[in-house]
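Subject: Structure handover

Hello,

Here is the structure you asked about. Please open it alongside this message.

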Amino acid sequence: DKFQVARQVIDFDGAPVDTVAVYEHNKGIFRVGYPPQAKVIAADFKEPFSKEEDTYRTAVAHLQKLPATDTSLLRWRTLNYAMLSAYYAKHPDEATRYAQQLLAFAADPKVKHALTDYIHPAHTILGLVALEHGDVAQATSQMQASIAGDASAMLTSFGPNMRLAQALLQAGEHSAVLAYLRACQRFWKK
């Protein structure tokens, strides 16, 4: 398990801590340095990092390595990865920002055909975030927008993500979800 230390350890016994700190889960302590020179310290903890948080941090690191002017397929894939991981790591503002960037790229007619696989998840994430903020109308609109336009290879192969539809169904939006499911029929082979 990875943990975030609630207070930074700047030094230990007057010596700077510049070596690896390993958390020993069973004992609730850190060992600073390598045995046999390791010194044991206690630490206060915030919540444990989740796998989602690790994935999010990795995605952001990959995205930051790309030039801001990059409009390649790699950037779109990385934005999609960052958007999804931000949402699942409970960073809705970042997820929204990445989704909006993907949709801004998709608005360009020169590259829209290459971005069809990313339009559905971007609208789905925007809808989920809207629903979490209590905006049912916006969530419903995003759900419908997620399947509007050209069918992507992902949608025709794997079908749409139903997470937003499920959340809206639980919120009582039965007719909107039924309309969405009827519209999704075009993605399912007969």
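Below is what turned up, going from the overall picture to single residues.

**Overall**

Please keep in mind that this is a predicted model. The protein has eight helices and seven strands. It is 190 residues in length, and 37% of them count as buried. Take the contacts between residues at least 6 apart in sequence: 55% of these join residues at least 24 apart.

**The core**

The largest nonpolar core holds 43 residues. Within this core, Tyr98 and Met143 touch the most other members. Seven helices each supply at least two of its residues: H1, H2, H3, H4, H5 (136-145), H7 (163-170) and H8 (174-184). H4 gives the largest share, nine residues. As background, nonpolar side chains tend to be buried together in soluble globular proteins.

What does Met143 contact, leaving aside its neighbours within four places in sequence? The partners are Leu164, Ala165, Leu168, Ala176, Val177 and Tyr180.

**Helix H3**

Tyr98, the other residue named above, is one of the buried residues of H3. The others are Ala95, Thr96, Ala99, Leu102, Leu103, Phe105 and Ala106. Their cover includes helices H1 (51-65), H2 (73-88) and H4 (116-132).

The length of H3 checks out. The helix covers residues 92-106, which is 15 residues. At 1.5 Å a residue it should span 21 Å, and its end C-alpha atoms are 21 Å apart, so the two agree.

**Helix H2 and the loop after it**

H2 has 16 residues. From first C-alpha to last it reaches 23 Å, close to the 22 Å expected at 1.5 Å a residue. Its buried residues are Arg75, Trp76, Thr78, Leu79, Asn80, Ala82, Met83, Ser85, Ala86 and Tyr87. H1, H3, H4 and H7 are among the elements that cover them.

Now look at Lys90. This residue is found in the loop between H2 and H3. Its phi is positive, about 65°, although Lys90 is not a glycine. Is Lys90 buried or exposed? It counts as exposed, because its relative accessibility is 70% and the cut-off for exposed is over 50%.

**The largest pocket**

The largest pocket contains about 270 Å³ of space. Its lining is made of 17 residues. Which of them lie nearest the centre? They are Asp117, His120, Pro121, Met154 and Asn161.

H2, H4 and helix H6 (153-158) each supply at least two residues of the lining. The largest share, seven residues, comes from H4. H4 therefore gives the largest share in two places: the lining of this pocket and the largest nonpolar core.

By class, the lining has 10 nonpolar, six polar and one charged residues.

**Ala153**

One last residue to look at is Ala153, which lies in helix H6. Ala153 counts as partly exposed because its relative accessibility is 48%, and partly exposed runs between 20% and 50%. Ala153 and Phe187 are 34 residues apart in sequence. In space, their C-alpha atoms are 9.6 Å apart.

Best wishes

Definitions and conventions:
Residues numbered from 1 in each chain as written. Predicted model: local features only at pLDDT ≥ 70, side-chain atom pairs only at ≥ 80, totals over all residues. Heavy atoms only, no water. Helix = DSSP H or I, 4+ residues; strand = E, 2+ residues; numbered from the N terminus. Expected span 1.5 Å × (residues − 1). Buried < 20%, exposed > 50% of the residue type's maximum accessible area, 1.4 Å probe, protein only. Contact = heavy atoms within 4.5 Å. Core = buried A, V, L, I, M, F, W, Y, C linked by side-chain atoms within 4.5 Å. 1 Å grid on protein atoms, 1.4 Å probe; cavity = no way out; pocket = protein on both sides within 12 Å on 5 of 7 lines; lining within 4 Å. Points joined across faces, edges and corners; volume = space filled by probe spheres on them. Nonpolar A, V, L, I, M, F, W, Y, C, P; charged D, E, K, R; others polar.
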